[in-house]
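Visitor: I am new to this structure and should like to learn how to read its ligand sites. May we begin with the surroundings of a ligand?

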Amino acid sequence: MIIELERGRQATLDQIRDLAVRFGNRVELSEGTGVYDTVHIIGDSREFASRESYILGLPGVRAAWQPTGGYKNIARVVRGNEGKALHRERRVVEVKGLDGKARRFGGGKHIFVCGPDSPQTLEQTLATARMAREVGEKFGILDRVMLRGGAFKPRTRPTDWRGLGMKGIAIMDAAREETGLPYVTEVMDQNLVEQIGAHADMLQIGTRNAQNFDLLEAVGRFGKPAILKRGFGNEAEEWFYSAEYIANQGNLDIVLCERGMKTLYTKGGYCRNQPDLNACTFARKQTILPIIFDPSHVAGDHRIVAENLMAACGHLVDGSITETVHTEAWRREQLCDAGQALVMDQYSILVEAVLEYETHVAPKMKAILRMLGTD
Ligand code: PEP
Ligand code: MN
């Protein structure tokens, strides 16, 4: 529900907030340009909305209306009947590290998530994490670097390596402890959200679980920031509805991630999935959520990770999640997604290229979009 409220009506705002909290909702206040502000009830607001007559009777309330779209919690523009519309700011999703620094997805600077597909040994994971930290220090962007590593692996074949489970989480914990960098890890089972989430700084929902609605709701209830990969066969709007499942539980700390569609896979390497870059732009226009790009699962081949990521920069993504190994020799040991991992020193060069793009080209791109009226 959307409520239009006279500016300065603090007592009424408090009453609205109390009612929202009673029904498990939160409020988001958007300052209007005139004398009215807009209060957006976040989460599943059906019970709240049943108190409409009480709300309309509160001092300073001009109107209360229902959004008509299907993803009103994450929509950039929330529309109602009779031409009503609420234009919202894009959201910044923060992930804090032990180093005290917040990684701000959507804060205007590219966030770099990197690390192994999966932690297999403490040594391998620590080595990669230390190198990630060095990259951050070298370019003065430590507050934009984060680790990744899947301890619970969704695999097409049941006999393939499926990750170390909670032992892998302990390794990721150790990498965070040593480097101060926060980490994201995949959760596949709604019953494990709390157990994994008690450790991880951010939870990842993989492409295969993008429409596992119970899992999405469990992550929404848990409340920690989440990366939601796009289902490899999902339309962009289906992806937004998946995000809405999380948001409807009151958790708006969602980062969307494009990782490619299933396509004509070439067995000789070069192209595992089709990157849908236009969907990145569409997500930026349609939702308030930050959008990042995964060049590794798109490429499936370390030889084409770099150009995929640079292409996504042209679509002004808010960050990237890239699979890396600490040495070329380790590639033979990596049990999942070995062929698509960048060695960390190559990754460092790629980070530099993204930073150069950000400084020299992105401002021009933004200027063009402003001229076209499409930013
Ligand atoms: C991963 O990040 O390792 C992964 C399994 O990704 P996706 O769900 O995009 O395949
Ligand atoms: Mn992987």
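Visitor: Which residues surround ligand 1?

Guide: A residue is near a molecule if one of its heavy atoms lies within 4 Å of it. Ligand 1 is surrounded by D117, R148, K153, E186, Q204, G206, T207, R208, K229, R259, H297 and E323. This is a predicted model, where local features need pLDDT of at least 70, side-chain atom pairs count only at pLDDT 80 or more, and totals for chains, interfaces and linings use all residues. Residues are numbered from 1 along each chain as its sequence is written, chains are lettered from A and ligands numbered from 1 in the order in which they are written, and side-chain values use heavy atoms, with hydrogens and water left out.

Visitor: Which polar contacts does ligand 1 make with R148, T207 and K229?

Guide: A polar contact is a pair of N or O atoms within 3.5 Å. Oxygen atoms of ligand 1 lie 2.8 Å from a side-chain N or O atom of R148, 2.8 Å from a backbone N or O atom of T207 and 3.0 Å from a side-chain N or O atom of K229.

Visitor: Which residues coordinate the manganese ion (ligand 2)?

Guide: Donors are N, O and S atoms within 2.8 Å of the metal (3.2 Å for Na, K and Ca); water is not among the atoms, so sites may look incomplete. Here D117 (OD), H297 (NE2), E323 (OE) and D337 (OD) coordinate the manganese ion at 2.0 to 2.3 Å. The spacing of these donor residues in sequence is D-x179-H-x25-E-x13-D.

Methods: A polar contact is a pair of N or O atoms within 3.5 Å; within protein, one must be able to donate a hydrogen and the other to accept it, and residues adjacent in sequence count only if both atoms are side-chain atoms.
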